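Work through these exercises with the model open beside you. Try each task before you read its solution.

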Amino acid sequence: MRNTAAITVAIAILSGPLAAQDTKPVPKDSVRGSIPGCAKGNVFTAGPRTSDQVARLDVPEGMHLRMNGQKKLMAEIKAHEGSMIEITGLMKKGQYNQTGINVGGGVRITAGSSAAGRPVPYVASPSYIGVESWHQVEGNCPSR
């Protein structure tokens, strides 16, 4: 009888951490996915798409994202600057579907005109990702 109780308590204690690793539900206005790329500080630059990435967000290569996450997680990512990593997290829907032509420096030219009839540059607001996890992947980050 005591052995059965001890085994039951041991199973309950050991299965506790497994239940804590469940992922949070995704809000209606967000999407969860993974993006390979390189991090520098709190800025993540999306890397090239490969055919084996099923849960990859539709983020164009070279797009910069501001990372938000727990301090411990962000410190781990910062320790791997210069290495190719893949982050998984939540982004608002449509945040990364930018329209217009990328001119550089965060400036995009979209349809429309000013009073003088010239295109008006549109400065895109930064895109954010709530980082939930990361892991190192093959490849090197380009050096500037």
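**Exercise 1.** Which residues does Ile35 touch, not counting residues up to four places away in sequence?

*Solution.* Keep in mind that this is a predicted model.
- Step 1. Apply the sequence filter, then list the contacts: Ile35 touches Phe44, Ala46, Arg56, Leu57, Val59, Leu65, Ile85, Glu86, Ile87, Met91 and Ile129.
- Step 2. Turn to the largest nonpolar core, which has 18 residues. Ile35 is among those with the most contacts inside it, along with Phe44, Met67, Ile77, Ile87 and Ile129.
- Step 3. Find the elements that give two or more residues to this core: β1, β2, β3, α2, β4 and β8.

**Exercise 2.** Describe strand β2 and its pairing.

*Solution.*
- Step 1. Sort the residues of β2 (residues 43-46) by face. Phe44 and Ala46 make up the covered face, Val43 and Thr45 the uncovered one.
- Step 2. Look at β1 (residues 30-40). It runs antiparallel to β2, and four bridges join the two. One position to check is Gly37, which stands opposite Ala46.
- Step 3. Inspect the hairpin of β1 and β2. Two residues lie between the strands, and Gly41 takes a positive phi near 70 degrees.
- Step 4. Look at β3 (residues 64-68). It pairs with β2 over three bridges, again antiparallel. Here Thr45 has His64 as its bridge partner.

**Exercise 3.** In what order do the five strands close into a barrel?

*Solution.*
- Step 1. Follow the strands round: β1-β2-β3-β8-β4, with mixed pairing. The twist from one strand to the next averages 50 degrees.
- Step 2. Find a parallel pair. β3 and β8 (residues 127-140) run parallel, joined by four bridges. Asn68 has Gly130 in β8 as its bridge partner.
- Step 3. Add helix α2 (residues 71-78). This helix packs on the sheet and touches β1, β3, β4 and β8. Its direction makes about 35 degrees with that of β8.

**Exercise 4.** How many salt bridges does the structure hold, and which parts does each tie together?

*Solution.*
- Step 1. Count them: two.
- Step 2. Take Lys92 and Asp29, whose side chains meet at 2.8 Å, N to O. Lys92 lies in β4 and Asp29 in the loop between α1 and β1, so the pair ties together parts 63 residues apart in sequence.
- Step 3. Check exposure. Lys92 is partly exposed at 45% relative accessible area, and Asp29 is partly exposed at 38%.
- Step 4. Take Glu132 and Arg32, which also meet at 2.8 Å, N to O. Glu132 is in β8 and Arg32 in β1, so this pair ties together parts 100 residues apart in sequence.
- Step 5. Check exposure again. Glu132 is partly exposed at 33%, and Arg32 is partly exposed at 25%.

Key. Residues are numbered from 1 along each chain as its sequence is written. This is a predicted model: local features need pLDDT of at least 70, side-chain atom pairs count only at pLDDT 80 or more; totals for chains, interfaces and linings use all residues. Side-chain values use heavy atoms; hydrogens and water are left out. Buried means under 20% relative accessible area, exposed over 50%, partly exposed in between (1.4 Å probe, protein chains only). Two strands pair if DSSP finds at least two bridges between them. Axes are lines fitted to C-alpha atoms, for helices over the stretch in contact, and angles run from 0 to 180 degrees between N-to-C directions. Contact means heavy atoms within 4.5 Å. A nonpolar core is a set of buried Ala, Val, Leu, Ile, Met, Phe, Trp, Tyr and Cys residues joined through side-chain atoms within 4.5 Å. A salt bridge is a side-chain nitrogen of Lys or Arg within 4 Å of a carboxyl oxygen of Asp or Glu.
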